[in-house]
Every structure is written in C-alpha cells, then in structure tokens.
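Visitor: I should like to be guided through a protein model, with the reasoning made explicit.

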Amino acid sequence: MSEQHQNLAVIGHVDHGKSTLVGRLLYETGSVPEHVIEQHREEAEEKGKGGFEFAYVMDNLAEERERGVTIDIAHQEFTTDEYDFTIVDCPGHRDFVKNMITGASQADNAVLVVAADDGVAPQTQEHVFLARTLGIDELIIGVNKMDVVDYKESTYDDVVEEVTQLLKQVQFNTEDASFIPISAFEGDNIAEASDNTPWYDGETLLEALNSLPAPQPPTDAPLRLPIQDVYTISGIGTVPVGRIETGIMNIGDNVSFQPSDVGGEVKTIEMHHEEVPKAEPGDNVGFNVRGIGKDDIRRGDVCGPADDPPSVAETFQAQIVVMQHPSVITAGYTPVFHAHTAQVACTIESIDKKMDPASGEVAEENPDFIQSGDAAVVTIRPQKPLSIEPSSEIPELGSFAIRDMGQTIAAGKVLEVHDK
C-alpha cells in the first residue's frame, strides 16, 4: 500500500472510451483479481471479442449497479507506486456528476478522455467546464482510440490543439494539463511506452498519475464532518457516522451539530471498530457526544467545533453551470440540492447574472432565465435549514449538485452564505 491517497475523476464524452480506460487501469495495476479476468476472458472469447476482457470487468460492475448494489461499487480503487487512487464514480453512472461533486467523492485531479477520431464533443466541453468550476487542479488528457486513427501524429496534434483551445476558453491553466496519446483498448502508453507512437516521448498514463502533486489534507481548516447516518448502539448510545472533510476531531472536543443546533463533548471516536483518540480528513468515523440523543440530529447535519460552528444558510449566492434542463430555469424554480450528505429543496430566488462560460465574464445582469449550457450567479433560499460553506473558505463543503426529474440539472459552488 502506498501512503498517499488521491481521488481521481475520469471525465469525458460517453462514447470516448472512459469505461475501457478505467477497466484498463484496474487491469494494468493488478486491481482486478486474476480469476475475474479469466472468467471474463472466456466469456469474451465465446462472444468472439477476445482481448476485451477488462471492458467486461466494467460492464459487470455496471450490471451490479443496475441491480441496486450500493453506490460504493462505483468507487474503483487501484494502486500505483506513489498513490492509492479511488476513481470517483465509474463513468456512465447516471449520478456521475452528483457524485463527482458532493462531499466524499470530490476529486483532486482528473483524467479527461477525448477520442482521437471524434475530438471535442458537447460532453467534453461540459465536463471540462465542470472540472474548472469545481476546482480540479490538474488535468491529464488521454487522447484515446489512437489505434482507430492508425496512430497518426497529425490527428493527435489536431485534438491537442482543439482541447487546448477549449481549456483556454474556460480559463483552465493549460500549464496544469498534460496530453498523452493512448489506446485504452490496445493498452498503448497506459502502463508502458508504445512502439506505435515513436513520435511521442512523454510520460505514460500511469507515470503521469504517479507524478501528480500530492493533495494537502485540510487539517488546518476547522472541523467539518457531514453526518451520513445516526445509529443507536447498545452500551454506547447515539452514534453519528460520517467522513471528516476538514479539520481534526479529538476526544474531549466540544462540538456543535448544525442546522439541528445541538452540541456536547466528544466522548469516544471509533474507526474500523477500534477506539481512536483523534481522527483526520478522509477518516470515516462513528463517534458519541455526551447528551446527544438519536432524535436530536440527522443525516445532512454537519458537526464542527462549538466555538466555530458550521454555517447555516438563510440564503446563499452561488455560481452554477446548467448541464441539462428540458426547458428554461427562472426565478422561483425549486429543485433538490445535494450538498455533502444533505438533500434539501431550495428555491432559486433570483438569477443575478449570466456568465460567459468561455471567458468567465458577466454576459448579462439579471437575465429572465437560464438554460442548458449556461453559467450563472444565482441567489438560493433553502426550504429548510441547510448547513453549507463558501467554497473559498471550505471548498469541501462549498459545492453542490442540483437534481430534478431523476437527473443532475446543474452543479455549482457557493460564493457567499447569508447566515440565519
């Protein structure tokens, strides 16, 4: 096991080979048990699709998801020399964007998959803009399906140029982007340099992943622990469970749960069924707080220090990107906001300005409506108390997804919170 951990988003247009790439990464890093590969190999050969066994690995996971197996199946793990990677949500998952954005799955870095034979597609653009809006630091661009274009350097160069223009448009620092010609299907430039691209002398995909900067754990920020569940455990009492997003929790700390507005002293902290004296960002913990009963707190509450409690928004201003909406969004629209572990209906009270997603400049003040593809600054009023933080102060609790009609409509980050 390598010490460092990274959350990695794999983004890009649906047909550009994301699943195959994820399968290939798991395969090349030995993260799929050999017997599973064997089973898929036989299946693939029966169907006359030899050599495609790792794509089957992904398909099977997709089927398990359809059968309602928990969302954790979507978190694929693989290990390189430097990092343990968790792939945030397998591609093609309907809630991909929601999971990429809310809480535990926030990605530090991303791999953008762009097919060499297709170039920039609408979803490519959307995902790049999302990555930029949600603060992805480094982007590795895999120009995939090089086998389909006969490993032509000129085709690769064209795609690199096209994507570079797109990155510039959304103000993504192109210095923080690296391009690699790959074939997820054939394995070119994934784990080892390919003879098919003698014109390319850069890193392989795994080398590029290894050389990503290490994420700095937000231990200096105030404690923020969104509650996932609240249990009653005999002999202990009420045990809230969740993942520490920022800060440190110590036994003896005085904490406050918001918006439930109750608090007390931390008596025990448990991790992997063992008592620990303290816990840090990324730790999944169960803990017990003196005087807190099962009905005092609920999922979606955020636990923080009593002397620096989590913010509760009367209203908040946010920047959003509308990804898909059948018609238009106007003031008064009340979809469900997913922020960390909370799901709260919120009303878009006003659309303050429409942004030009290309330049980030204001395109229009107080527009009447916004629609798919638009970026905007809006003022939002939660229908019931919601704890959320400005993205500039605590990014881990500053982003959200907006869902309606069973799909992710928009994603956004909080600019400022107007407290209750």
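The following exchange concerns a predicted model.

Visitor: Is helix α1 mostly covered or mostly open?
Guide: A residue counts as buried when its relative accessible area is under 20%. In helix α1, which spans residues 18-28, eight of the 11 residues are buried; among them are Leu21, Val22 and Leu25. Helix α1 is therefore mostly covered.

Visitor: With which residue does Glu28 form a salt bridge?
Guide: Side chains of opposite charge can pair when their charged atoms come close. The partner of Glu28 lies with it in helix α1, four residues apart, about one turn of the helix. The closest N and O atoms of the pair are 2.8 Å apart, and the partner is Arg24.

Visitor: Is Arg24 buried or exposed?
Guide: The limit for a buried residue is under 20% relative accessible area. The value for Arg24 is 7%, so Arg24 is buried.
Its partner Glu28, at 31%, is partly exposed.

Visitor: Which residue meets Arg290 in a salt bridge?
Guide: Arg290 lies in the loop between β14 and β15, whereas its partner lies in strand β11, 25 residues apart. The N to O distance is 3.7 Å, and the partner is Glu265.

Visitor: Which residue meets Lys354 in a salt bridge?
Guide: Lys354 is in strand β19, and the partner is in the loop between β21 and β22, 20 residues apart. The partner counts as buried, at 13% relative accessibility. With an N to O distance of 3.9 Å, the partner is Asp374.

Methods:
Residues numbered from 1 in each chain as written. Predicted model: local features only at pLDDT ≥ 70, side-chain atom pairs only at ≥ 80, totals over all residues. Heavy atoms only, no water. Buried < 20%, exposed > 50% of the residue type's maximum accessible area, 1.4 Å probe, protein only. Helix = DSSP H or I, 4+ residues; strand = E, 2+ residues; numbered from the N terminus. Salt bridge = Lys/Arg side-chain N within 4 Å of Asp/Glu carboxyl O.
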